[in-house]
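Please read this short report beside the sequence and the model. It deals with strand pairing, helix packing and a loop.

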Amino acid sequence: MTLEWEQVIVDATDPVALGRWWADALGWVVVTDAPDEYEIRPAPERVPGLLFVPVPEGKTVKNRLHLDFRPEDQRTEVHRLLSLGARYADVGQGEQSWVTLTDPEGNEFCVLSGRVPHT
């Protein structure tokens, strides 16, 4: 395969603030710190990353693409993300094993149930 997944682009009214929030939420490093391109990655040379770019309009509808995360402990991770400024979201998912949250600009993401240890 010749394609390598480099990054996901995230439109933001404030790319720096949103990029910093996600860097804190994920524990990732900042690789580009500019007002028009704020990029974070798991490690400086590791991809994929998230690239935050400015747009003039705010988010108005449900995301067509969102990120899912599987922590070791869902309850602890949801609490930590809420303390960073995430909010609960209702996108019509009903009762599920995952928790749907939004980042400070309203982008939905899911925190899945905890990992099951391999035996």
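## The β2-β3 hairpin

In this predicted model, strands β2 (residues 29-34) and β3 (residues 37-41) run antiparallel and are joined by five bridges. The hairpin that leads from β2 to β3 does so through two residues. Within the pair, T32 has E39 in β3 as its bridge partner.

## The four-stranded sheet

A separate heading is given to the open sheet of four strands, whose order is β5-β8-β7-β6 and whose pairing is mixed. The edges are taken by β5 (67-69) and β6 (87-88); each has a single partner strand, so one side of each has no neighbour in the sheet. Helix α2 (residues 74-84) packs on this sheet, where it touches β6, β7 and β8, and its direction makes about 150° with that of β8.

Strands of a sheet pair through backbone hydrogen bonds, in either a parallel or an antiparallel manner. Here β5 and β8 run parallel, with three bridges between them. Strands β7 (residues 99-102) and β8 (residues 108-111) run antiparallel and are joined by four bridges.

## Strand β8 and its partners

Residue C110 of β8 appears in both pairings: D68 stands opposite C110, and C110 is also the bridge partner of T100. Elsewhere in β8, F109 stands opposite L101. The hairpin of β7 and β8 has five residues between the strands, and in it G106 takes a positive phi near 90°.

In a regular strand the side chains alternate between the two faces of the sheet. In β8 both faces are covered: E108 and C110 lie on one side, F109 and V111 on the other, and all are buried.

## Packing of α1 against α2

Helix α1 (residues 15-26) and helix α2 have axes that come within 10 Å and cross at roughly 155°. Angles over 145 degrees count as roughly antiparallel, and α1 and α2 are therefore roughly antiparallel to each other. Their crossing is right-handed.

On the α1 side the contact involves W21, D24 and A25; on the α2 side it involves E77, R80, L81 and L84. By class, this contact has four nonpolar and three charged residues, and no polar ones. Helix α2 thus appears in two settings: it meets α1 through the residues just named, and it packs on the sheet, touching β6, β7 and β8.

## The loop between β4 and β5

Which residues of this loop are buried, and which are exposed? V61 lies in the loop between β4 (49-54) and β5, and N63 is placed in the loop between β4 and β5 as well. V61 has a relative accessible area of 58% and is exposed, because the cut-off for exposed is over 50%. N63 has a relative accessible area of 16% and is buried, because the cut-off for buried is under 20%.

Beyond its neighbours within four places in sequence, N63 is in contact with N107 and E108. E108 is one of the buried residues of β8. V61 and G106 are 45 residues apart in sequence, and their C-alpha atoms are 9.3 Å apart in space. G106 is the residue with a positive phi near 90° in the hairpin of β7 and β8.

Conventions
Residues are numbered from 1 along each chain as its sequence is written. This is a predicted model: local features need pLDDT of at least 70, side-chain atom pairs count only at pLDDT 80 or more; totals for chains, interfaces and linings use all residues. Side-chain values use heavy atoms; hydrogens and water are left out. Two strands pair if DSSP finds at least two bridges between them. Contact means heavy atoms within 4.5 Å. Axes are lines fitted to C-alpha atoms, for helices over the stretch in contact, and angles run from 0 to 180 degrees between N-to-C directions. Angles under 35 degrees count as roughly parallel, over 145 as roughly antiparallel, 65 to 115 as roughly perpendicular and the rest as oblique. A crossing is left-handed if the near helix is turned anticlockwise from the far one by less than a right angle, and right-handed if clockwise. Ala, Val, Leu, Ile, Met, Phe, Trp, Tyr, Cys and Pro count as nonpolar, Asp, Glu, Lys and Arg as charged, and the others, Gly among them, as polar. Buried means under 20% relative accessible area, exposed over 50%, partly exposed in between (1.4 Å probe, protein chains only).
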